[in-house]
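Welcome, and please open the model in your viewer. We will go from stop to stop, selecting a few residues each time.

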Amino acid sequence: MLPYAAYLRVYEPLTAFAPPERSSWAAYAEATDRPRRAGALHAEHGEAVRRLLGVPPTPAPAQESPNAYLRRIEDTLYVCPWQSRLRSWLAFSRFRGATPARLMERFVPISIAEQTADDFDRFKRRGGSAALRTHIRTSTWHVPTSWFVPFDGNERWLVLDGERDPEGTTTTRNLIYVTSMAHARRRSARALQVIRRQIGEVAVTAEVEEVARWLEEFHPHSLVELDYGGIVHLMEDEKLQADQSVAEIAAALTGLENGEEELAFAMYQRVILRWRSIQLLESAN
């Protein structure tokens, strides 16, 4: 849970959960002491930092998080579980696989790393592939281009310091998009069709396809949310207000579809250059 991270989330309707979970999440929604949205990211990050700075460090929580992000539209409650333990296991597995053993020891003792891997293996054997489904995807230091595809520019909600977000909560600055699963799937399918027909099987094709397949794992009446999260703290208000990445990717796809290659290239490059400049901050002093 790094501070400069963006999130792609799926909120499933309460009815999508099995009866025991359904009752638990319904009670959770009524609890007065649960983390509210305005402080949820801070709470998630603080929890992760305490685990990793402990002696010895703990790569994954001992128990799954009981918390979730919630949205309510009219009489329907939508739930996006934090799944902190599962997400930590997955992140640690990727980190361990990409880090040389000698360097790995500097971060986590071998015994702790092996115990964490064993715990994850046991979890996978018990639950199978279905147990690995996460409602939240995380990207540090940038928003992947494929994440803009499921949304429309008109679904953009920008909240600056002291303003109220769409739920009426006074919060710190943020930029989010929310859409229905039906719209998200339709836009992703259209993007894949256009890219394959006009460009072929390139890297961005695989990235959009991965997001499209992930969306298919959830209830068809879910909500999909793109949250710039901590990345907004790398952008001044003017840059946030000028950021129209979703609309620009949509314009690029329309340009490709209509044979307007120059327009498509210009829109795509605008997005790529914007996010490349932000991503470079990771290696800045």
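Which residues are buried in α3? Select S84, R85, L86, R87, S88, W89 and F92: these are the buried ones in α3, where buried means under 20% relative accessible area, exposed over 50%, and partly exposed in between (1.4 Å probe, protein chains only). Before moving on, note that this is a predicted model, in which local features need pLDDT of at least 70, side-chain atom pairs count only at pLDDT 80 or more, and totals for chains, interfaces and linings use all residues. Residues are numbered from 1 along each chain as its sequence is written, and side-chain values use heavy atoms, with hydrogens and water left out.

**Stop 1: α3 and α5**

Helices (H or I, at least four residues) and strands (E, at least two) are DSSP runs, numbered from the N terminus. Colour α3 (residues 84-98) and α5 (residues 110-127). Their axes, lines fitted to C-alpha atoms over the stretch in contact, lie 10 Å apart at an angle of about 125°, on a scale from 0 to 180 degrees between N-to-C directions. The two helices are therefore oblique to each other; angles under 35 degrees count as roughly parallel, over 145 as roughly antiparallel, 65 to 115 as roughly perpendicular and the rest as oblique. Show the side chains at the contact (heavy atoms within 4.5 Å): α3 brings residues including W89, F92 and R96, while α5 offers F120 and F123, among them.

**Stop 2: α6 and α9**

Next, select α6 (residues 181-198) and α9 (245-257). Here the axes come within 9 Å and cross at roughly 45°, so this pair is oblique too. Among the residues that meet are R190, V194 and I195 from α6, and A250, L253 and L256 from α9.

**Stop 3: α10**

Keep α9 visible and add α10 (residues 261-279). Which residues are buried here? Pick A264, M267, V271, I272, R274, W275 and I278. They cover an arc of only 160° around the axis, taken from the directions of the C-beta atoms, which puts them on the same side of α10. Their cover includes α8 (237-242) and α9. On the other side, E261, E262 and F265 are exposed.

**Stop 4: two loop residues**

Most residues other than glycine have a negative phi. Centre on E74, in the loop between β2 (68-73) and β3 (76-81): its phi is near 55°, a positive value. Then go to W141, between β4 (136-140) and β5 (156-159), with phi near 70°. Is each buried or exposed? E74 is exposed, with a relative accessible area of 75%, whereas W141 is buried, at 15%.

Key
Expected span 1.5 Å × (residues − 1).
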